[in-house]
Amino acid sequence: MSRMREGMAHLARRMKERVGVPLAYTRGESTYTVSGWPSRSAASESSPTAGNGLLGVTEKEYLIPALDLLAAGVIGPPAEGDRITETFGSDQVTYELMASNGQPPWRWADEARAMYRVFCKPVGA
């Protein structure tokens with residue numbers, strides 16, 4: 001393993017320990033539990049944010065270690081239409097992986113290709 005890959009693997013483990021959250025990753029009829037962390041959110045200026053800060057979120061990005069998806073049983077890379085459900089206390093919010101502005105719904109987040117960056121939009125449960 002190269003030093004870069006070792007460093008990225010170490011960083012992924014530390015991020016998972018410190019800021020990782022359990023996510024329900026759904027593809028078709030199957031749901032898997034994976035660890036990931038929110039990376040970035042975009043909110044609509046016309047929508048208020050209150051309480052847990054979820055209202056008004058129009059786009060969200062997550063970082064998910066590629067090995068976590070594989071270990072959970074997800075076959076292949078993230079795909080448009082896959083869903084991520086995150087729990088906030090007693091509330092659950094579901095996001096769907098969607099292509100946006102001509103870009104695919106995911107890309108590699110690192111040169112070592114150990115981490116996916118997925119692009120989502122909120123959807124009904």
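**Figure 1. Asn 101, an exposed residue with a positive phi.** In this predicted model, Asn 101 counts as exposed, its relative accessibility being 76%. Asn 101 belongs to the loop that runs between strand S5 and strand S6 (106–108), and its phi is positive, at about 55 degrees, although the residue is not a glycine. Such a value deserves a second look because most residues other than glycine have a negative phi.

**Figure 2. Arg 113, in the loop between S6 and S7.** What is the sign of phi at Arg 113? Phi of this residue, which is not a glycine, is positive and lies near 55 degrees. The loop that holds Arg 113 joins S6 to strand S7 (115–123), and the residue is exposed there, with a relative accessible area of 55%.

**Figure 3. Strand S4 and its two antiparallel partners.** Strand S4 (residues 83–88) pairs with strand S1 (residues 21–27) in the antiparallel sense over 4 bridges, and in this pairing Leu 23 is the residue that stands opposite Glu 86 of S4. S4 also pairs with strand S5 (residues 91–97), again in the antiparallel sense, over 6 bridges. The hairpin formed by S4 and S5 has 2 residues between the strands, and Gly 89 in this hairpin takes a positive phi near 65 degrees.

**Figure 4. Thr 85 and Thr 94, opposite one another across S4 and S5.** Thr 94, which has its place in strand S5, stands opposite Thr 85 in the pairing of the two strands. The two residues are also linked through their side chains, which make a polar contact at 3.1 Å. Is Thr 94 buried or exposed? Its relative accessible area is 11%, and because the limit for a buried residue is under 20%, Thr 94 counts as buried.

**Figure 5. The edge-to-face pair of Tyr 62 and Tyr 95.** The structure holds 4 aromatic pairs, and one of them is formed by Tyr 62 and Tyr 95 in an edge-to-face arrangement, with 6.0 Å from centre to centre and 65 degrees between the planes. Tyr 62 lies in strand S3 (residues 57–65) and Tyr 95 in strand S5, so the pair ties together parts of the protein that are 33 residues apart in sequence. Both rings belong to buried residues, with a relative accessible area of 0% for Tyr 62 and a relative accessibility of 1% for Tyr 95.

**Figure 6. The stacked pair of Trp 108 and Tyr 116, within a cluster of rings.** Trp 108 and Tyr 116 form a stacked aromatic pair, in which the centres are 4.7 Å apart and the planes meet at 20 degrees. With a relative accessibility of 26%, Trp 108 counts as partly exposed, whereas Tyr 116 is buried, with a relative accessible area of 8%. Ring pairs also bring in Trp 106, so that Trp 106, Trp 108 and Tyr 116 are linked into a cluster.

**Figure 7. The whole protein, as a setting for the close-up views.** The secondary structure comes to 2 helices and 7 strands, which run from the N terminus in the order α-β-β-β-α-β-β-β-β. Of the 125 residues in the protein, 34% are buried. Among contacts between residues at least 6 apart in sequence, 57% join residues at least 24 apart. The protein exposes about 7,600 Å², of which carbon and sulfur atoms supply 52%.

Technical notes
Residues numbered from 1 in each chain as written. Predicted model: local features only at pLDDT ≥ 70, side-chain atom pairs only at ≥ 80, totals over all residues. Heavy atoms only, no water. Pairing = 2+ DSSP bridges. Buried < 20%, exposed > 50% of the residue type's maximum accessible area, 1.4 Å probe, protein only. Polar contact = N/O pair within 3.5 Å; in protein donor to acceptor, adjacent residues only side chain to side chain. Contact = heavy atoms within 4.5 Å. Areas by Shrake-Rupley, 256 points an atom, 1.4 Å probe, with all protein chains shown as cover. Phe/Tyr/Trp six-rings, centres within 6.5 Å; stacked < 30°, edge-to-face > 60°.
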